[in-house]
Every structure is written in structure tokens, then in C-alpha cells.
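Thank you all for coming; I would like to walk through one structure this morning, going slowly from the overall fold to a few individual side chains. Please look at the sequence and the model for a moment before I begin.

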Amino acid sequence: MAVPVHSPTKSARQMVEGIGRDLALSDQELAIILAVPIAVLRSERVAATLEQQPTRGRLEQLVELRERLHQTFAPEGGRPLTARRQPLPRGETLIAALMSGRFERVNAALGALDWGIFV
């Protein structure tokens, strides 16, 4: 399912800041996950950069993942901060998997947790 990168009520900067806040990601971690220079992430050029492939694809995956993390760790509307250090198979953390571009590992681990299987 494709998630729109831009919300009608939020700018690209607001979306990125919201993801960073919800997942307790630093600007440096977000820049690595999105594969953009940190200077661009902090600049007014962020919207144009986020429209380019493959950055747009990474952002779409991150938006989907944030929604899934909310469903798994914060179904009552809280922030899924406990997910930050959630161990994945092979001892990797959620953040380490995201920073290395392995969104599929995070999704697989969340699927297992959703089914009550502890990884």
C-alpha cells in the first residue's frame, strides 16, 4: 500500500520532524535512513529532495512503518518509543535495521509480534 509522502495538512519538513519525534530519531539517524545529507534534511530543500527516488520510497516505507509501530506498540495513541530498542532476530535493533535499509526485517519482526510470537 502506497502511503502519500505529503499530507494535505503537513509540509514535508513537518512530516519528517513528526517521524523523528515519534520514533525518537535524531536528525543524523533520519538522514542515514532516508539517505540524504543531514544539511539537506535540515534545509528548506528537504521537500524537493524527498520527492526524488529513491528517497521518496524510503520515506514512504518510513511512514508505513511508523503507522505499524503505532499499531503494535501504542494502540492507545501513545508514542511507540519502546520500539526504538526492540530487538530483532540476530540481535539487531530496530534502529540499526532501519539505518542499514533493512525495512523488511523490521516489518517481519512486527508481524511476529502482532501474532504474539516473541523474536
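Let me start with a word I shall use throughout: a residue is called buried when its relative accessible area is under 20%, exposed when that value is over 50%, and partly exposed in between. Arg66, with a relative accessible area of 11%, is therefore buried, and I will come back to this arginine in a few minutes. Please also keep in mind that what you see is a predicted model.

First, the overall picture. The chain has seven helices and zero strands, so that, read from the N terminus, the order of elements is simply α-α-α-α-α-α-α. Of the 119 residues in the chain, 42% are buried, and the accessible surface comes to about 6,700 Å², with 55% of that area belonging to carbon and sulfur atoms. If we take the contacts in the chain with a separation of 6 or more, residues 24 or more positions apart account for 56% of them.

Now the interior. The largest nonpolar core holds 29 residues, and those that touch the most other members are Ile19, Leu30, Leu34, Leu41, Leu62, Leu98 and Val106. The elements that give two or more residues to this core are α1, α2, α4 (46–50), α5, α6 (94–99) and α7 (103–114). Leu62 is a good residue to click on here: leaving aside its neighbours within four places in sequence, Leu62 is in contact with Ile19, Leu23, Leu30, Ile33, Leu34, Leu98 and Phe103. Helix α2 deserves a look as well, since its buried residues are Glu29, Leu30, Ala31, Ile33 and Leu34, and you will notice that a glutamate is listed there among the buried residues.

Which residue follows just after α2 with a positive phi? That is Ala35, whose phi is about 60 degrees although the residue is not a glycine. As background, most residues other than glycine have a negative phi. Ala35 lies in the loop between α2 and α3 (38–41), and at 44% relative accessibility it counts as partly exposed. Beyond its neighbours within four places in sequence, Ala35 is in contact with Thr55 and Arg58, and its C-alpha atom is separated by 9.0 Å from that of Gly101, which is 66 residues away along the chain. There is also Ala24, in the loop between α1 (12–22) and α2 (27–34), which has a positive phi of about 55 degrees without being a glycine, and which is partly exposed at 32% relative accessibility.

Let me turn to the charged side chains. Side chains of opposite charge can pair when their charged atoms come close. In this model the count comes to four salt bridges. One of them joins Asp27 and Arg42, with the closest N and O atoms 3.0 Å apart; because Asp27 lies in helix α2 and Arg42 in the loop between α3 and α4, the pair ties together parts that are 15 residues apart in sequence. Of these two partners, Asp27 is partly exposed at 34% relative accessibility, whereas Arg42, at 51%, counts as exposed.

A salt bridge with both ends in one helix is found between Arg56 and Glu60, at 3.1 Å from N to O. Both residues lie in α5, four residues apart, about one turn of the helix. An α-helix has 3.6 residues a turn, so residues three or four places apart point the same way. Arg56 is partly exposed, with a relative accessible area of 22%.

That brings me back, as promised, to Arg66. This arginine lies in helix α5 (residues 55–73), and leaving aside neighbours within four places in sequence, Arg66 is in contact with Met15, Gly18, Ile19 and Asp22. With which side chain does Arg66 make a polar contact of 3.3 Å? The partner is Asp22. Arg66 also forms a salt bridge with Glu67, where the closest N and O atoms are 3.9 Å apart, and Asp22, Arg66 and Glu67 are linked in a network of salt bridges. Within that network Arg66 is buried at 11% relative accessible area, while Glu67 is partly exposed at 39%.

Methods:
Residues numbered from 1 in each chain as written. Predicted model: local features only at pLDDT ≥ 70, side-chain atom pairs only at ≥ 80, totals over all residues. Heavy atoms only, no water. Polar contact = N/O pair within 3.5 Å; in protein donor to acceptor, adjacent residues only side chain to side chain. Contact = heavy atoms within 4.5 Å. Buried < 20%, exposed > 50% of the residue type's maximum accessible area, 1.4 Å probe, protein only. Areas by Shrake-Rupley, 256 points an atom, 1.4 Å probe, with all protein chains shown as cover. Core = buried A, V, L, I, M, F, W, Y, C linked by side-chain atoms within 4.5 Å. Salt bridge = Lys/Arg side-chain N within 4 Å of Asp/Glu carboxyl O.
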